[in-house]
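Student: I should like to examine how the descriptive terms used for a structure follow from computed values. May we take one chain and reason through it?

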Amino acid sequence: MKLFAIAVLALMLSTGTTMAGPPLRLWVESASKVTISELYIRILGTDDWGAERLRGKRLEPKGKIQFMLEDGADKCWVDLRMLSTAGKPYAYYAANLCEEGHTFTFRGRP
């Protein structure tokens, strides 16, 4: 019985790591006059927005910033949620990063 439990645990661990891909580099660039003070990213199909990604930095107009999405190599679709320094929210759903070279361009439209 103990051997069976160990085998099941090993299978679960290997399945979890097999399905996980290496981190995905995501670029967010601004083609807007709006400065972003908060940014959240979640993999499409999940409920967790996770931590705020800018961590006190800002995405300035014409700026570009890079993020690493853990277990993201096989995840092309993400949702982005942003807040400007003026307090205006912006949300983008189902952004396809694979077609855009892993870059999302913020244009200042909600």
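**From values to terms**

Tutor: Read from the N terminus, the chain follows the pattern α-β-β-β-β-β-β, that is, 1 helix and 6 strands. The model is predicted.

Student: What makes β2 and β4 a pair, and in which sense do they run?

Tutor: At least two bridges are required between two strands. Strand β2 and strand β4 (residues 77-84) have 7 bridges and are antiparallel, so they meet the criterion. Within this pairing, arginine 42 stands opposite aspartate 79 of β4.

Student: How do you know that β4 and β5 pair?

Tutor: The same reasoning applies. The two strands are joined by 6 bridges and run antiparallel, against a requirement of at least two. Methionine 82 has tyrosine 90 of β5 as its bridge partner. The hairpin of β4 and β5 has 4 residues between the strands, and glycine 87 in that hairpin takes a positive phi near 90 degrees.

Student: Why are β2 and β5 said to stand at the edges of the sheet?

Tutor: The open sheet consists of 3 strands in the order β2-β4-β5, with antiparallel pairing. Both β2 (36-43) and β5 (89-96) have a single partner strand, so one side of each lacks a neighbour in the sheet. From one strand to the next, the twist averages 15 degrees.

Student: Why is the pair of tyrosine 90 and phenylalanine 106 called edge-to-face?

Tutor: Two values decide the matter. The ring centres are 5.0 Å apart, and a pair requires centres within 6.5 Å. The planes stand at 85 degrees, and an angle over 60 counts as edge-to-face. Tyrosine 90 belongs to strand β5 and phenylalanine 106 to strand β6, so the pair ties together parts 16 residues apart in sequence. Tyrosine 90 and phenylalanine 106 are both buried.

Student: What makes the pair of tyrosine 92 and phenylalanine 104 tilted?

Tutor: Its centres are 5.0 Å apart and its planes 55 degrees apart. That angle is neither under 30, as stacked rings require, nor over 60, as edge-to-face rings require, so the pair is tilted. This pair also links distant parts of the chain, with tyrosine 92 in strand β5 and phenylalanine 104 in strand β6, 12 residues apart. Tyr90, Tyr92, Phe104 and Phe106 form one aromatic cluster.

Student: How do you know whether tyrosine 92 and phenylalanine 104 are buried or exposed?

Tutor: The term buried applies under 20% relative accessible area. Tyrosine 92 has 16% and is therefore buried. Phenylalanine 104, at 10%, likewise counts as buried. In the chain as a whole, buried residues make up 32% of the 110 residues.

Student: Which residues touch the most other members of the largest nonpolar core, and which elements contribute?

Tutor: The core has 21 residues, and those touching the most other members are Val28, Ile41, Leu69, Val78, Leu80, Met82 and Phe104. Two or more residues each come from β1 (24-30), β2, β3 (64-69), β4, β5 and β6 (103-106). Strand β2 gives the most, with 4 residues.

Student: Which residues does methionine 82 touch, leaving aside those up to four places away in sequence?

Tutor: Methionine 82 touches Ile36, Glu38, Leu39, Lys88, Pro89, Tyr90, Tyr92, Phe104 and Phe106. Tyr90, Tyr92, Phe104 and Phe106 are the residues of the aromatic cluster.

Definitions and conventions:
Residues numbered from 1 in each chain as written. Predicted model: local features only at pLDDT ≥ 70, side-chain atom pairs only at ≥ 80, totals over all residues. Heavy atoms only, no water. Axes fitted to C-alpha atoms, helices over the stretch in contact; angles between N-to-C directions. Core = buried A, V, L, I, M, F, W, Y, C linked by side-chain atoms within 4.5 Å. Buried < 20%, exposed > 50% of the residue type's maximum accessible area, 1.4 Å probe, protein only. Contact = heavy atoms within 4.5 Å. Phe/Tyr/Trp six-rings, centres within 6.5 Å; stacked < 30°, edge-to-face > 60°.
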